Every structure is written in structure tokens, then in C-alpha cells.
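Biologist: I should like to learn how to read a structure that is new to me. May we go through it together, one feature at a time?

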Amino acid sequence: AEADGAAVGFRHAALPHFGIQYPIERHDPDGALLLSNFALEICGAKADWNMDTIIDLALDEIRREAPAEGKILCAVSGGVDSAAAALLLKEQGHQVTGAYCVMHSRGERELRDAKAVAHALGLPLLRLDLRAEFADIVLHNFLSEYAAGRTPNPCVLCNPSVKFAALCACADRYGIERVATGHYAGIKKRYNRYSIRTSPTKDQSYMLSRLPQSVLARLELPL
């Protein structure tokens, strides 16, 4: 509350509705007294608070208590990009669960990095063992293509057939609506169809070019 006005915060006891009220124009003396008493005596405001204090506290209350926008399963590799993606999703208010995909024998050792990231961000972390699928679908194709004199792109094959298939299946198993990764790309929707949007900074859209509509419809790419 200020000397020439007042600010009042409120919240609904049953519904996730929050708000703050502050004067655009100065109240008349009776209105200012009524609002000041309400703010000081009922809401617990302090006499030395200014308007910025009340607004900041109200926004902090909303961030803490308003429902999260949704549950998201975010692939976490232990690297910077996936960690940044998970952090951005958390800051947006999502309930983020991490998922580490074990693709090869070194994956178990690299799991330690993913656990460290999850611990630092306060995320639960799931371990998905995809070594058999990766060997059967991706590794064998890579070797045969290379032997035939062609240059394979394992990520283009792995993402739709192994990685995202496993992420979506895991999300369904745990009742999680959306999935996310740290790829540098975006999603756009036109005429009820989704497509990959290129990134102007570090484009990785080509790695996701073969993802089906069922995956694109639930995919978040915060980077």
C-alpha cells in the first residue's frame, strides 16, 4: 500500500484464479482508506511495500500455485542442449520428467551425466533401454549402407523408428501428454497438418524430417 493509493491481491479458494488490483487513477479518500485497510489488515501487506513489491509477490504466488500447463516427457542426454530444453520447459510451468535413452554399450556410463542434469533441475529420470532396437534398425542399416558405398544418416532413421517411438510409448505408459527434445527446430501447423520448421541459428530440422504426424502433434521443441 502506498500513501496515495492501494493495491489488493486476491485468490479464489477453489478455482485456479488469481489477481491483483491497483489504481489506475487515484481513489477518493474513502476508497483509498478502504483498500489500504484491506491490504494492510486482511491481506497482510506491509506499510513500506510499494506497488512493484505487491505485483512481484502476487506473480510469485501465481507461479507457485497455479496449475502447470501440462506434463512433458523430455529426452535428457546429459548434454547442454537437452538440459537447456528441460530447463526452459520447467520455467514455462510444465511438469517435466526426463528420459534417458540407452542406445549402445557406452550409454550406461553416459547415464551418469543425465542423472546429474536431472538432479540439478529437480527432475525424475526414466531409463529407456533401446540397445536392441538401435542395433536391429539403425546399426545394421548403417553398416549395410556404408558397405554399399552410400553415406547413411543414422539420426534420420533412428528418430522416427527408435527414439521418438520409444519416447511416445513411454509417455503413454505414464499418462504424459507431450514429449520434447533439445533439437534446434520448430513445429508449425497448417490446414490441420504439422510440419518441421527450420531454426535460424543451429538448424537440426533435417534430423526430424521423417517423424509422423502422430509424433509432431505432441512434440515440443523449446530450442
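The dialogue that follows treats the overall fold, one helix and the nonpolar cores.

Biologist: What should be noted before the details, and how many helices and strands does the chain have?

Modeller: This is a predicted model. The chain has seven helices and nine strands, and 37% of its 223 residues count as buried. Among contacts with a separation of 6 or more, 65% join residues 24 or more positions apart.

Biologist: Which elements build the largest nonpolar core?

Modeller: That core has 28 residues, and Leu73, Leu128 and Leu167 have the most contacts inside it. Two or more residues each come from β3, β4, β5, α5, α6 and α7. The largest share, eight residues, is supplied by α6. A second, separate core of 17 residues includes Val76 and Ala114.

Biologist: What does leucine 73 touch beyond its neighbours in sequence?

Modeller: Beyond four places in sequence, the contacts of leucine 73 include Leu126, Leu167, Cys170, Ile176 and Val179.

Biologist: How should I read a helix such as α6, and which of its residues are buried?

Modeller: An α-helix has 3.6 residues a turn, so residues three or four places apart point the same way. In α6, the buried residues include Asn159, Val162, Lys163, Ala166, Leu167 and Cys170.

Biologist: What span should α6 have, and where does α6 bend?

Modeller: At 1.5 Å a residue, the 20 residues of α6 should span 28 Å, and the distance of 27 Å between its end C-alpha atoms agrees with this. A bend of about 45° occurs at proline 160. After α6 comes glycine 175, with a positive phi near 70°.

How values were computed: Residues are numbered from 1 along each chain as its sequence is written. This is a predicted model: local features need pLDDT of at least 70, side-chain atom pairs count only at pLDDT 80 or more; totals for chains, interfaces and linings use all residues. Side-chain values use heavy atoms; hydrogens and water are left out. A nonpolar core is a set of buried Ala, Val, Leu, Ile, Met, Phe, Trp, Tyr and Cys residues joined through side-chain atoms within 4.5 Å. Buried means under 20% relative accessible area, exposed over 50%, partly exposed in between (1.4 Å probe, protein chains only). Helices (H or I, at least four residues) and strands (E, at least two) are DSSP runs, numbered from the N terminus. Contact means heavy atoms within 4.5 Å. The expected span of a helix is 1.5 Å times one less than its number of residues. The bend at a residue is the angle between axes fitted to the seven residues ending there and the seven starting there.
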